[in-house]
Amino acid sequence: MTNLTIDKTFMMDFMVGLLNIPSPTGDTDAAIAYCEQALNGWPLKVHRTPKGQMVATWEGAKNDRPRAMTAHVDTLGAMVKEIKSNGRLKLTHLGGLNWSSIECEGVTVRTLDGKDIPGSVMPVKASSHVHGKEASEITRSADTLEVRLDVQVSSAAEVETLGIQVGDFVYIDPRVVVHNGYIRARFLDDKACVACMMAAIKAVLDARLIPTQRITFHFSNYEEVGHGGASGFPDDIVELVTVDMAAVGEGQTSDEFNVTICAKDTGGPYHLGFRKQLVGLAKQLGIPYKIDIYPNYGSDGEALWRAGADVAVGLVGPGIDGSHSYERTHETSLIQTAHLLAAYIVS
């Protein structure tokens, strides 16, 4: 197989740009547009679905066993649940947000007419000088955290004059830092994987190759709430590679320096034959990999299965430390993941 080169600069620049675009589940148009723009000039036929997903089709040398690959642009986030009488905002979470992980984090509230108002997430009893031990002992939840706006307001009426209302999206600051090969940020799940998928496409193009089979690249926008992959794929695909983060932590084999091929998660095992195919490809090309099981995890591949698709599904991705919190990975893991994806496209 032709050696495929991953353009690290392209991948990293694309990823950082995407990380800095807010895209909580339900508000992903800007992130989808960013991905769409990156595909301009490439030989893929692109369209958006009524649900707001982007689908890009690349014709291959054959069309008898068409394939697909998916990664999601949507992230965790929050919405305004209530405007409190003191001018603070109560939140409702989007996806599996860990409330304790966003304490004292910067946020931006976007009004329905597009105005951005900054603030921060604070405990309702934040000051130890005022509340003593209770400030540190209070459980962090939707009831005990609130948004403190960086505007002089002290009543619900004053907040409403800003244009803020129930249902407005609240963007959590991503805090992207790249240093010494490490990338730490919120929402590497799954924007790092979108970057890997884009880098894999570019690697095949740079090698002047075409896919072995017609392949559909699916940019999902509702994965964090469980139904992103339930639609948007051609009916005739026989294989789907789901590209999503590998869970790094105690008891896991995944790390921040390899690509991981997932054997099983909360929804059950992935397709054994397809897993063997992906492992064989990694071995053939000398791509360092891990095999792992994720105990509290679901993917868009399973969403497609639950929607009734008769397709072999596999799951691969870079190792992400601190998932659904302040996440971190290393560029090596991204490169290995992109390399495996590129190899799959032309295998």
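What volume does the largest cavity have? The answer is about 70 Å³. The model you are looking at is predicted, and this briefing walks you through its empty spaces, its salt bridges, a covered strand and a helix.

**The cavity**

- Let us start with the enclosed space. The count comes to 1 cavity of 30 Å³ or more.
- Ten names to look for in the structure are L76, L97, I172, R186, F187, D189, E224, H324, S325 and E327, which line the largest cavity.
- By type, the lining of the largest cavity divides into 4 nonpolar, 2 polar and 4 charged residues.
- How can such spaces be found? Rolling a probe the size of a water molecule over the atoms shows where empty space is left.

**The largest pocket**

- Now turn to the open kind of space. The volume of the largest pocket is about 420 Å³.
- Its lining has 25 residues, and those nearest the centre of the pocket are M245, N296, Y297, G298 and H324.
- Two elements, β14 (246-248) and α8 (300-306), give two or more residues to this lining.
- Which element gives the most to the lining of the largest pocket? That is α8, with 4 residues.
- The pocket lining is made up of 7 nonpolar, 11 polar and 7 charged residues.
- H324 is a good residue to find on screen: it is in the lining of the largest cavity, and it is also among the residues nearest the centre of the largest pocket.

**Salt bridges**

- How many salt bridges are there? The count comes to 16, and a few of them are worth tracing.
- D143 and K90 form a salt bridge through their side chains, with an N to O distance of 2.8 Å. D143 sits in the loop between α4 (134-137) and β8 (145-149) while K90 belongs to strand β5 (residues 89-94), so this pair ties together parts that are 53 residues apart in sequence.
- Is D143 buried or exposed? Its relative accessible area is 54%, and over 50% counts as exposed, so D143 is exposed. Its partner K90 is partly exposed, at 21%.
- E103 and R140 make another salt bridge, where the closest N and O atoms are 2.8 Å apart. E103 is in the loop between β5 and β6 (106-110) and R140 is in the loop between α4 and β8, so the pair ties together parts 37 residues apart in sequence.
- E103 counts as partly exposed, with 28% relative accessibility. R140 has a relative accessible area of 17%; the cut-off for buried is under 20%, so R140 is buried.
- E105 and R175 also meet in a salt bridge, at 2.9 Å from N to O. This pair links distant parts of the chain, 70 residues apart: E105 lies in the loop between β5 and β6, and R175 in the loop between β9 (169-172) and β10 (177-179).
- E105 is buried, at 6% relative accessibility, whereas R175 is partly exposed, at 39%.
- Finally, look for D7, K202 and D206, which are linked in a network of salt bridges.

**Strand β13 and its partners**

- Strand β13 covers residues 239-243, and 5 of its 5 residues are buried.
- Which residues point to each side of β13? E239, V241 and V243 are on one side, L240 and T242 are on the other, and all of them are buried, so both faces are covered.
- β13 pairs with strand β3 (residues 62-72) in the parallel sense, over 4 bridges. In this pairing, T70 stands opposite T242.
- β13 also runs parallel to strand β18 (residues 312-321), and 5 bridges join these two strands. Here V241 of β13 stands opposite G314 in β18.

**Helix α6**

- Helix α6 spans residues 188-206, which makes 19 residues. At 1.5 Å a residue, α6 should span 27 Å, and its end C-alpha atoms are 25 Å apart, which agrees.
- Of those 19 residues, 17 are buried, so α6 is largely enclosed by the rest of the structure.
- Just after α6 comes R208, which takes a positive phi of about 60°.

How values were computed. Residues are numbered from 1 along each chain as its sequence is written. This is a predicted model: local features need pLDDT of at least 70, side-chain atom pairs count only at pLDDT 80 or more; totals for chains, interfaces and linings use all residues. Side-chain values use heavy atoms; hydrogens and water are left out. On a 1 Å grid over the protein atoms alone, a cavity is a set of points where a 1.4 Å probe fits but cannot get out, and a pocket is an open set with protein on both sides within 12 Å along at least five of seven lines; lining residues have an atom within 4 Å of a point. Grid points are joined across faces, edges and corners, and a volume is the space filled by probe spheres set on the points. Ala, Val, Leu, Ile, Met, Phe, Trp, Tyr, Cys and Pro count as nonpolar, Asp, Glu, Lys and Arg as charged, and the others, Gly among them, as polar. A salt bridge is a side-chain nitrogen of Lys or Arg within 4 Å of a carboxyl oxygen of Asp or Glu. Buried means under 20% relative accessible area, exposed over 50%, partly exposed in between (1.4 Å probe, protein chains only). Two strands pair if DSSP finds at least two bridges between them. The expected span of a helix is 1.5 Å times one less than its number of residues.
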